[in-house]
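Student: I have a sequence and a model open on my screen. Can we go through them together, one question at a time?

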Amino acid sequence: MAAIIFMSCSSSTTSQIGTVSGSAEAANKPFPEGTVITFYSVDSTSSFTTIVDDSGNYTYSPVRGVPIVPGKYKVTLSAPRIDTIMVDGVFMPNPKAKKVKLEVSSKYFNKETTPLEVELHSAQNTFDIEV
């Protein structure tokens, strides 16, 4: 299974907090809603997590104005948490809970084995994931 990664960056004069957004697909189908995407800094202990929406897209905006630490990140995927959803950055009970499986190789589940890597900047980052 090959991974195709699309990445672009643009600077913004209005905010240097940084965001990361993109689409997430496996075999040309959007990842299931609730799929967890975690970014682990290669150079520090910094990490952050976001989830895929019902359209197969995700957006991470730092909470409380803490900027994204620029640098290289390893990216992992996790199956959707069927019992919770994220609302305004907080995990809540999911009223539409159902069993969902993420149909990708297990190498994407661990930061030591994932081939997904991206360079993030303190601006707007686009990182599309296709595995």
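## Loops, strands and side chains

Tutor: N28 sits in the loop between β2 and β3. Bear in mind that this model is predicted. Ask away.

Student: Is N28 buried or exposed?

Tutor: The cut-off for exposed is over 50% relative accessible area. N28 has 58%, so N28 is exposed.

Student: What is the phi of N28 near?

Tutor: Most residues other than glycine have a negative phi. N28 is a residue other than glycine with a positive value. Its phi is near 60°.

Student: Where is A27 found, and what is its phi near?

Tutor: A27 is found in the loop between β2 (19–26) and β3 (29–30). A27 is exposed, with a relative accessible area of 62%. Its phi is positive, in a residue other than glycine, and near 55°.

Student: How many helices and strands are there in the protein chain?

Tutor: Read along the sequence, the pattern is β-β-β-β-β-β-β-β-β-β-β. The count is 0 helices and 11 strands.

Student: Of contacts between residues at least 6 apart in sequence, what share joins residues at least 24 apart?

Tutor: A contact here means heavy atoms within 4.5 Å. Take those in the protein chain between residues at least 6 apart in sequence. The share that joins residues at least 24 apart is 70%.

Student: What percentage of the residues of the protein chain count as buried?

Tutor: Buried means under 20% relative accessible area. The protein chain has 131 residues. Those that count as buried make up 34%.

Student: What kind of pair do the rings of F39 and F127 form?

Tutor: A search of the whole structure finds 5 aromatic pairs. The rings of F39 and F127 have their centres 6.0 Å apart and their planes at 65°. The planes are over the 60 degrees cut-off. So the F39 and F127 pair is edge-to-face.

Student: Which strands hold F39 and F127?

Tutor: F39 is buried, at 0% relative accessible area. F127 is buried too, at 0%. The pair ties together parts that are 88 residues apart in sequence, because F39 lies in strand β4 (residues 36–41) and F127 in strand β11 (residues 124–130).

Student: Are the rings of F48 and Y60 stacked or edge-to-face?

Tutor: Their centres are 4.2 Å apart and their planes at 20°. Planes under 30 degrees apart count as stacked. So the F48 and Y60 pair is stacked.

Student: How many residues apart are F48 and Y60?

Tutor: F48 is in strand β5 (residues 47–51), and Y60 is in strand β6 (residues 57–60). F48 counts as buried at 6% relative accessibility, and Y60 is buried at 15%. The pair links distant parts of the chain, 12 residues apart.

Student: Which residues form the aromatic cluster?

Tutor: The residues of both pairs above belong to one cluster. Y58 and Y73 belong to it as well. The full list is F39, F48, Y58, Y60, Y73 and F127.

Student: Which side chains meet in a salt bridge?

Tutor: The structure holds 1 salt bridge. The N to O distance is 3.9 Å, and the cut-off is 4 Å. The side chains are those of E117 and K74.

Student: How many bridges join β7 to β10?

Tutor: E117 lies in strand β10 (residues 117–120) and K74 in strand β7 (residues 71–78), so the salt bridge ties together parts 43 residues apart in sequence. In β10, E117 is also the bridge partner of K74. The strands run antiparallel, and the bridges that join them number 4.

Student: Along β10, which side chains point to one face and are buried?

Tutor: In a regular strand the side chains alternate between the two faces of the sheet. Along β10, E117 and E119 point to one face and are not buried. E117 counts as partly exposed, at 35% relative accessibility. The buried ones, on the other face, are V118 and L120.

Student: What accessible area do V87, V90 and M92 have together?

Tutor: These residues form a nonpolar patch on the surface. M92 is found in strand β9 (residues 90–93), and counts as partly exposed at 38% relative accessibility. Together the patch has about 230 Å².

Notes
Residues numbered from 1 in each chain as written. Predicted model: local features only at pLDDT ≥ 70, side-chain atom pairs only at ≥ 80, totals over all residues. Heavy atoms only, no water. Phe/Tyr/Trp six-rings, centres within 6.5 Å; stacked < 30°, edge-to-face > 60°. Helix = DSSP H or I, 4+ residues; strand = E, 2+ residues; numbered from the N terminus. Buried < 20%, exposed > 50% of the residue type's maximum accessible area, 1.4 Å probe, protein only. Patch = residues over 30% accessible without salt bridge, like charges linked within 9 Å, V, L, I, M, F, W, Y side chains within 5 Å. Areas by Shrake-Rupley, 256 points an atom, 1.4 Å probe, with all protein chains shown as cover. Pairing = 2+ DSSP bridges.
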